[in-house]
Amino acid sequence: MSCIFCMIKNGDIPSKKAYEDEDILAFYDVNPQAPVHILVIPKEHIESVDCITSENSAVVAKIFEKIPQIAKDAGITNGYRVISNCGSDACQSVKHLHFHILG
């Protein structure tokens, strides 16, 4: 598999980590679209929102439980956006589920 986010997760490509645990990784986007731009991914390869199932949805819930702390730790204090693009028509450029925190 040549998924860039899997390579980042595995340490094959360096990243500036914002948060990591056994299930998820958050790292700063190398092409930020806001003063703070962090990507949050499940370590398990899930292609997109369309591929969330009852078998893997717990990690998505965990991501949303952690996003407020990741944002706070990054210094975002007055609000932020959480975005996930799903599919080519929505400009999903990496086929690994990810959530953008923009603040």
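At 7% relative accessibility, Ser-48 counts as buried, although this residue belongs to a loop, the one between β3 and α2. The model is a predicted one, and Ser-48 offers a convenient point of entry to it. Which residues does Ser-48 contact, leaving aside its neighbours within four places in sequence? They are Cys-86, Gln-92 and Leu-97. A further relation of this kind is given by the backbone: the C-alpha atoms of Ser-48 and Gly-87 are separated by 7.2 Å, with the two residues 39 residues apart along the chain.

Cys-91 is found in the loop between β4 (81–83) and β5. In contrast to the buried Ser-48, Cys-91 has a relative accessible area of 58% and is therefore exposed, since the exposed class begins over 50%. The backbone of Cys-91 also deserves attention. Its phi is near 70°, a positive value in a residue other than glycine. As background, most residues other than glycine have a negative phi.

The aromatic residues come next. A pair of aromatic rings is described by the distance of the centres and the angle of the planes. The structure has 2 aromatic pairs, counting rings whose centres lie within 6.5 Å. One of them joins Phe-5 and Phe-27, with 5.5 Å from centre to centre and 75° between the planes, an edge-to-face arrangement. Phe-5 belongs to helix α1 (residues 4–9) and Phe-27 to strand β2 (residues 24–28), so this pair ties together parts that are 22 residues apart in sequence. Both Phe-5 and Phe-27 are buried.

The rings of Phe-64 and Phe-99 also form a pair: their centres are 5.0 Å apart and their planes stand at 75°, so the arrangement is edge-to-face. Phe-64 lies in helix α2 (residues 57–73) and Phe-99 in strand β5 (residues 99–102), so the pair links parts that are 35 residues apart in sequence. Are Phe-64 and Phe-99 buried or exposed? Phe-64 is partly exposed, with a relative accessible area of 43%, whereas Phe-99 counts as buried at 5% relative accessibility.

Strand β2 holds another aromatic residue, Tyr-28. Tyr-28 counts as partly exposed because its relative accessibility is 23%, and buried means under 20%. Lys-16 lies over the face of Tyr-28, at 4.5 Å from the ring centre. Lys-16 is also among the contacts of Tyr-28 when neighbours within four places in sequence are left aside; the others are Lys-17, Ala-18, Val-36, His-37, Ile-38 and Ala-74. In terms of C-alpha positions, Tyr-28 and Val-82 are separated by 14 Å and lie 54 residues apart along the chain.

One of these contacts, Lys-17, lies in strand β1 (residues 17–20). Lys-17 counts as partly exposed, at 48% relative accessibility. Not counting residues up to four places away in sequence, Lys-17 touches Leu-25, Ala-26, Phe-27 and Tyr-28. Phe-27, as described above, takes part in the aromatic pair with Phe-5. Lys-17 and Ile-38 are 21 residues apart in sequence, and their C-alpha atoms are 8.9 Å apart in space.

The path ends at the largest pocket, which holds about 410 Å³ of space. Its lining comprises 23 residues, of which Phe-5, Asp-29, Val-30, Leu-39 and His-100 lie nearest the centre of the pocket. The elements that each give two or more residues to this lining are α1, β2, β3 (37–42) and β5. Which element gives the most to the lining of the largest pocket? Helix α1 does, with 3 residues. By residue type, the lining of the largest pocket divides into 13 nonpolar, 8 polar and 2 charged residues. Phe-5 thus appears in two settings: this residue is one of those nearest the centre of the pocket, and its ring is paired edge-to-face with that of Phe-27.

Notes:
Residues are numbered from 1 along each chain as its sequence is written. This is a predicted model: local features need pLDDT of at least 70, side-chain atom pairs count only at pLDDT 80 or more; totals for chains, interfaces and linings use all residues. Side-chain values use heavy atoms; hydrogens and water are left out. Rings of Phe, Tyr and Trp (its six-membered ring) pair if their centres lie within 6.5 Å; planes under 30 degrees apart count as stacked, over 60 as edge-to-face and the rest as tilted. Helices (H or I, at least four residues) and strands (E, at least two) are DSSP runs, numbered from the N terminus. Buried means under 20% relative accessible area, exposed over 50%, partly exposed in between (1.4 Å probe, protein chains only). A charge sits over a ring if NZ of Lys or CZ of Arg is within 6 Å of the ring centre and within 35 degrees of the ring normal. On a 1 Å grid over the protein atoms alone, a cavity is a set of points where a 1.4 Å probe fits but cannot get out, and a pocket is an open set with protein on both sides within 12 Å along at least five of seven lines; lining residues have an atom within 4 Å of a point. Grid points are joined across faces, edges and corners, and a volume is the space filled by probe spheres set on the points. Ala, Val, Leu, Ile, Met, Phe, Trp, Tyr, Cys and Pro count as nonpolar, Asp, Glu, Lys and Arg as charged, and the others, Gly among them, as polar. Contact means heavy atoms within 4.5 Å.
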